[in-house]
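Work through the exercises below with the sequence and the model side by side. Try each task before reading its solution.

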Amino acid sequence: MMEVNGPAKGSTCSGGEGSCGCMHAEAKLIMRMLSEGRQHTHLEVTLAPCVHCAHLIVAVGWVKRVTYLQDYRDKRGVRIMRDAGLEVEKWRP
């Protein structure tokens with residue numbers, strides 16, 4: 001399953017980076033997984049999750065591992081997930 005950052009269905013983005021109101025891919029993916037009754041214990045993402053997405057990932061309870069390719073500008077999301085006991089690692093090819 002794959003999602004990308006963007007607006008909710010039927011809406012548009014407005015504003016600049018970090019303030020446009022778009023949904024992050026992690027939030028869109030978790031919402032879709034919940035609506036389809038799916039649960040995966042490992043998420044692979046391009047950017048390390050932001051603070052809000054990290055809290056969402058921890059809150060669903062079934063994600064145990066997150067692998068990311070690039071650091072996010074705010075590193076607190078990684079710390080939040082690790083503090084909650086999730087395995088979080090930066091993928092290195």
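Helix axes are lines fitted to C-alpha atoms over the stretch in contact, and angles run from 0 to 180 degrees between N-to-C directions. The model is predicted: local features need pLDDT of at least 70, side-chain atom pairs count only at pLDDT 80 or more, and totals for chains, interfaces and linings use all residues. Residues are numbered from 1 along each chain as its sequence is written, and side-chain values use heavy atoms, with hydrogens and water left out.

**Exercise 1. Lay out the fold.**

Task: state how many helices and strands the protein chain has, and give their order.

Solution. Step one: count the elements. Helices (H or I, at least four residues) and strands (E, at least two) are DSSP runs, numbered from the N terminus. The protein chain has 3 helices and 3 strands.
Step two: read the order. From the N terminus on, the elements run α-β-α-β-α-β.
Step three: check the range of contacts, where contact means heavy atoms within 4.5 Å. Among contacts between residues at least 6 apart in sequence, 39% join residues at least 24 apart.

**Exercise 2. Describe how α2 packs on α3.**

Task: find the angle and axis distance of α2 and α3, then name the contact residues.

Solution. Step one: take the geometry. The angle is about 20°, and the axes are 8 Å apart.
Step two: classify the angle. Under 35 degrees counts as roughly parallel, over 145 as roughly antiparallel, 65 to 115 as roughly perpendicular and the rest as oblique. α2 and α3 are therefore roughly parallel to each other.
Step three: give the hand. A crossing is left-handed if the near helix is turned anticlockwise from the far one by less than a right angle, and right-handed if clockwise. α2 and α3 cross in the right-handed sense.
Step four: list the partners. α2 brings Val51, Ala54, His55, Ile57 and Val58, which meet Arg76, Gly77, Ile80 and Met81 of α3.
Step five: sort them. Ala, Val, Leu, Ile, Met, Phe, Trp, Tyr, Cys and Pro count as nonpolar, Asp, Glu, Lys and Arg as charged, and the others, Gly among them, as polar. The contact of α2 with α3 holds 6 nonpolar, 2 polar and 1 charged residues.

**Exercise 3. Repeat the analysis for α1 and α2.**

Task: give the angle, the hand and the contact classes for α1 and α2.

Solution. Step one: helix α1 covers residues 25-35 and helix α2 residues 51-60; they pack at about 25°, axes 9 Å apart.
Step two: α1 and α2 are therefore roughly parallel to each other.
Step three: the crossing of α1 past α2 is left-handed.
Step four: Glu26, Ala27 and Ile30 of α1 make the contact with Cys53, Leu56, Ile57 and Val60 of α2. By class, the contact has 6 nonpolar, no polar and 1 charged residues.

**Exercise 4. Locate the core.**

Task: name the residues that touch the most other members of the largest nonpolar core, and the elements that supply at least two residues each.

Solution. Step one: set the terms. Buried means under 20% relative accessible area, exposed over 50%, partly exposed in between (1.4 Å probe, protein chains only). A nonpolar core is a set of buried Ala, Val, Leu, Ile, Met, Phe, Trp, Tyr and Cys residues joined through side-chain atoms within 4.5 Å.
Step two: of the 19 core residues, Ile57, Val63, Val66, Met81 and Leu86 touch the most other members.
Step three: α1, β1 (42-47), α2, β2 (65-70) and α3 (76-83) each give at least two residues to this core.
Step four: trace Met81. Leaving aside neighbours within four places in sequence, Met81 contacts Pro49, Ala54, Ile57, Val58, Val66, Leu86 and Val88.
Step five: look at α1. Buried there are Ala25, Glu26, Ala27, Lys28, Leu29, Ile30 and Met33. Their cover includes β1 and α2.

**Exercise 5. Compare two strand residues.**

Task: are His42 and Thr67 buried, partly exposed or exposed?

Solution. Step one: His42 lies in β1. At 28% relative accessibility, His42 counts as partly exposed.
Step two: Thr67 sits in β2. At 7%, Thr67 counts as buried.
Step three: check contacts, leaving aside neighbours within four places in sequence. His42 touches Arg65, Val66 and Thr67. Thr67 touches His42, Leu43, Glu44, Val45, Glu89 and Trp91.
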